[in-house]
Structures are given as structure tokens and as C-alpha cells.
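This report looks at the surroundings of a ligand and at one helix packing. Please have the sequence and the structure to hand.

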Amino acid sequence: MSSTTSNSTDHHDAIVIGAGVIGCGVAAALAKRGIRPLVIDRLPDAGYGSTSSSSAIIRFGYSTEAGVAMAWEGQLWWRNWAEVIAPAEPDAIAEFVNVPMLILDFEGGYLPRVLPNLDRLGVPYERLDRDELLARHPFLDLHRFGPPATIDDDAFWRDPDTLLRGAVSTPDSGFISDPMLSAQNLADSARAHGAEFMFNTEIVGVESSDGRVSGVRLADGSVVSAPIVVNVAGPHSSQVNEMAGVGASMSVTTRPLRREVFIVPAADDIDFDRTGVMVGDEDTGVYFRPESGNNVLIGSTEPECDELEWVDDPDDYRTTLTEDEHQLLVLRCARRIPSLGVPQRKRGLVDLYDVSSDWIPVYDRSDLPGFYMAVGSSGNQFKNAPIAGYCMAELIEGVESGRDHDSDPIVVIGPRSGLPIDMSTFSRNRDVSAASTMTVLG
Ligand SMILES: Cc1cc2nc3c(=O)[nH]c(=O)nc-3n(C[C@H](O)[C@H](O)[C@H](O)COP(=O)(O)OP(=O)(O)OC[C@H]3O[C@@H](n4cnc5c(N)ncnc54)[C@H](O)[C@@H]3O)c2cc1C
């Protein structure tokens with residue numbers, strides 16, 4: 001892809017801080033409406049931040065109705081990607097790989113939190129009893145292993161004596177095989193509509209004048225002006241909110257969390273690429289999906305027994321995989337897929353989530369007029385990037401035209417699904433959601 005740098009002028013219609021998949025989605029949506037943004041990123045190209053590490057799972061099982069509506073709408077964008085990024089025609093475009101997602105059915109699981117939302121919005125799903133589950137995915141062990149425990153706890157090794165009730169499968173789920181490429185596709189689309197990009201450039205301050213945002217200050221001391229600034233800085237979001245002086249007044253805050261994801265070969269006699277499935281398995285404490293080359297990609301669902309590694313400085317954290325987490329996640333996954341072995345060599349990645357107080361994102365204005373935020377993506381908003389960009393553009397246009405979004409919340413109608421997305425769900429001043437799983441499942 002081409003790597004455009006910024007132009008000659010230091011004034012723009014808007015500045016987007018961060019060229020991750022969500023930042024590029026915001027930039028493309030603004031540019032399509034004739035609000036031509038400058039996207040500034042400290043890294044060398046689009047999608048090099050936490051987006052590059054995303055498991056990029058596209059599923060619909062969220063605890064809020066707006067979350068489900070957004071995810072369902074988002075899926076329709078991923079399935080029509082060439083159309084979404086037009087008129088850009090890059091050499092390579094992100095591919096949606098269709099794989100069903102299972103939500104396991106057991107006492108205390110998160111199914112009851114999400115099923116009413118799927119019903120209300122008409123998101124298709126199938127109920128699978130144990131026989132059907134095994135017929136489709138014979139490599140799964142259907143015992144109940146939870147609640148999850150650490151390996152040094154005897155409870156981890158206890159022989160299970162009860163079974164799952166079954167599962168709900170959403171057949172339209174899937175994943176994007178190259179998340180960084182998808183950000184670059186959106187960046188190309190944004191450029192085609194008039195956006196500009198400035199890479200290798202760090203923002204160190206947010207400027208304001210007469211009670212309104214007026215631009216950003218760069219590390220070299222120069223200032224770039226714009227009447228609109230959008231914080232899409234991923235795990236650096238709270239730092240950027242502090243620069244704008246808006247963090248303290250919000251009831252929902254964000255902070256970085258270190259995460260490890262592992263890639264482990266499936267057993268030789270399983271064709272996981274073809275017959276694999278995706279599962280958010282709260283009963284064992286992992287999520288997993290197929291990864292090309294007959295592998296299983298494994299991440300954590302943050303069970304209560306695990307200590308979470310919150311990070312104070314997103315530029316200073318351990319970037320190497322740990323043996324403890326490798327053993328833990330692979331052994332947990334091996335309870336559900338007993339044929340899985342723990343390989344001697346660790347393969348995977350380490351990166352940061354930008355976690356909000358209730359693991360639900362913040363897509364909102366701020367108390368500083370002109371300063372907006374798409375933050376707190378909590379390890380679960382890759383799937384929503386293009387529609388989140390669209391929602392942010394609707395919100396920004398509405399607020400800039402005088403709408404008081406705080407007292408009269410904007411409801412976006414998904415252009416492909418027709419579903420309503422109530423943006424007050426993602427307010428910076430919401431009550432922390434009681435329905436949330438308080439994990440990556442959202
Ligand atoms: C391991 C992992 C697995 C995940 N799995 C899934 C999944 O399966 N499904 C799902 O839906 N979501 C998933 N997510 C979440 C999803 O990937 C993220 O929500 C999404 O990629 C965030 O995009 P972003 O554009 O907000 O942030 P980023 O991609 O992090 O981009 C932010 C950008 O801002 C730039 N920046 C920050 N501060 C500054 C500054 N001061 N000056 C200039 N530039 C700055 C950074 O350089 C960076 O490029 C996962 C995330 C991780 C880390």
C-alpha cells in the first residue's frame with residue numbers, strides 16, 4: 001500500500017489520533033462525508049498498533065443490545081469488503097473467513113445475557129443439543145470443567161462429572177485473517193476520499209482555545225490545527241484523554257491490560273481449518289478459533305481466578321511470551337479439545353487491550369467541545385471498526401450541528417441491517433453496565 005505523508009498545510013477539518021483499524025474506520029467515514037481528516041500515528045503505517053495482534057473474531061454475543069446490533073451490522077460490512085473500501089482498489093484486501101461461533105450452554109454461563117439480544121434483533125442462531133454438538137465437532141469434550149482454576153489448584157485436575165447442556169451456534173460468525181491489512185484497506189479508502197496520513201509522528205499535547213479544541217501539538221513542538229480532534233489511540237487512550245484534560249470528568253475510564261495469545265497445532269487427525277469452530281468458553285477460561293495451517297489460536301476469557309496484568313505505561317511492559325501463561329491457556333483449551341498437546345516451543349504474541357471500566361467501549365463526545373473519543377475497545381471491538389467509524393461520523397456531525405447528545409442521545413440506523421444502534425450505550429458518563437461479563441466477551 002502507498003504511504004502518504006501529510007500535505008503542505010497545517011490546518012485540517014479534523015485530526016484523528018491513531019491509525020489503527022478503528023482510527024482508519026473513523027477517518028474513512030469522516031472523509032466520505034467531506035470532513036477531510038489528517039490521521040496522525042507515531043508508528044510507521046496503518047494497523048501497526050494493537051490492531052496487528054488482534055484475533056479478529058467477528059461474533060455477535062454481547063451483553064448489550066447496541067453491542068449486538070453493531071456487531072451484526074459490522075459483519076455485513078466485512079462480508080462486502082471490496083464495496084466498503086471502494087473506490088480504493090488495493091492489491092490485497094482483507095478476507096472474511098466464515099466459521100460458526102459457539103456460546104456454551106451451562107448453569108452460570110453468559111448465554112442468558114446475550115440470547116434475549118439476539119432474539120430481539122433477529123440475529124440467526126441454532127440451538128445444538130449435545131448429540132448435535134458432537135456430530136458437528138467431534139473433537140470437543142462436552143464435560144463441565146468450571147469454574148476455571150489455576151493449574152496449581154487441585155480443582156483444575158478434578159475429574160469432571162457433569163456435562164454441558166449444549167450450545168448456541170451463530171453460523172454467520174467468522175474472523176479476518178489479516179487484521180493489519182484490514183486497517184490498511186480502510187486507510188486506502190480514507191485516502192481515496194481525501195484523508196491524509198502522517199506517520200512516525202507522536203502527539204504530545206491537545207490544544208484548545210476559547211473553551212474548544214483547536215489542534216494537537218507534536219513531539220517536535222509544532223502544532224497542527226483542526227476544529228475537531230478524535231482520540232482513537234488504542235491502549236494510549238487514557239494518556240491522550242489526559243492531554244485533553246477530559247479524563248477526570250468521565251464516569252467510565254480506560255486502562256491498558258497486557259494479554260498473551262498462543263497458536264498451537266491441532267492434532268494431525270483433525271482438520272481444524274475445515275471443521276474447526278470458534279468458542280468463547282467461560283467454563284474453561286479460554287476462547288479459541290482456527291488459525292491457518294491446522295492450528296488453534298487460544299486467548300483468555302479473564303476468569304476470576306486469574307490475576308490480571310494491568311499496565312501503567314503502555315510503552316513499558318513485558319513483550320515476551322511467558323511459560324506460565326502458555327501452560328495455563330493451552331492446558332485449559334486441552335480440556336475442551338483433549339487431542340491438543342502442549343508444544344515445547346511457544347508461538348503467539350503479546351499486546352495490550354484498552355479496557356474500559358465495564359469492558360464496553362466508549363464512542364462519544366467529551367466535555368471539551370470538538371474533542372471526541374472512540375476508546376476502551378476492551379479486546380472486543382475489532383469487529384466493529386468500520387461501523388464504529390460510521391457511528392462516530394454520525395455522532396460528530398450531529399453534535400457539531402448543535403445536537404446535545406448527552407441529553408438527547410443519537411441512535412444510528414445501521415445502513416446495511418436497518419438495526420438501531422443506541423449510542424448512549426457507549427456514553428462516557430453511563431452507569432457501569434450491570435449486564436457486562438466484565439471480560440473480553442463484553
Ligand atoms: C491480543 C488481542 C486480541 C484481540 N482479539 C479481538 C477479537 O478477536 N475480536 C475483536 O473484535 N477485537 C479483538 N481485539 C480488539 C481489537 O483488536 C482492538 O479493539 C482494535 O484493534 C483497536 O483498534 P484501535 O484503532 O482503537 O487501536 P490501535 O490499533 O491500538 O491503534 C491506536 C494507534 O494510535 C497510535 N497512537 C497512540 N498514541 C499516540 C500518540 N500520542 N501520537 C500518535 N499516535 C498515537 C498508536 O501508535 C496506534 O497505532 C483484540 C485485541 C488484542 C490486543
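The text below treats the ligand shell and then the packing of two helices.

The model is a predicted one, in which local features need pLDDT of at least 70 and side-chain atom pairs count only at pLDDT 80 or more, whereas totals for chains, interfaces and linings use all residues. Residues are numbered from 1 along each chain as its sequence is written.

Of the 38 residues around the ligand, G18, G20, G49, G234 and S377 come nearest, a residue being near if its C-beta atom, placed from the backbone, lies within 6 Å of the molecule. Helix 1 (21–32), strand 14 (254–265) and strand 18 (348–356) each supply at least two residues of this shell, and helix 1 gives the most, with three residues. Helices (H or I, at least four residues) and strands (E, at least two) are DSSP runs, numbered from the N terminus.

At least three shell residues come from each of two domains, whose bounds are taken from an automatic or database domain assignment:

| Domain | Residues |
|---|---|
| domain 1 | 14–94 + 178–253 + 358–426 |
| domain 2 | 98–174 + 256–355 |

Helix 1 also packs against helix 7 (residues 179–192), at an angle of about 20° and with the axes 8 Å apart. That makes helix 1 roughly parallel to helix 7, a term for angles under 35 degrees. Among the residues making the contact are V21, C24 and G25 of helix 1 and P179, S182 and A183 of helix 7, contact meaning that C-beta atoms, placed from the backbone, lie within 7 Å.

Note on methods:
Axes are lines fitted to C-alpha atoms, for helices over the stretch in contact, and angles run from 0 to 180 degrees between N-to-C directions. Angles under 35 degrees count as roughly parallel, over 145 as roughly antiparallel, 65 to 115 as roughly perpendicular and the rest as oblique. Two residues are in contact if their C-beta atoms, placed from the backbone, lie within 7 Å.
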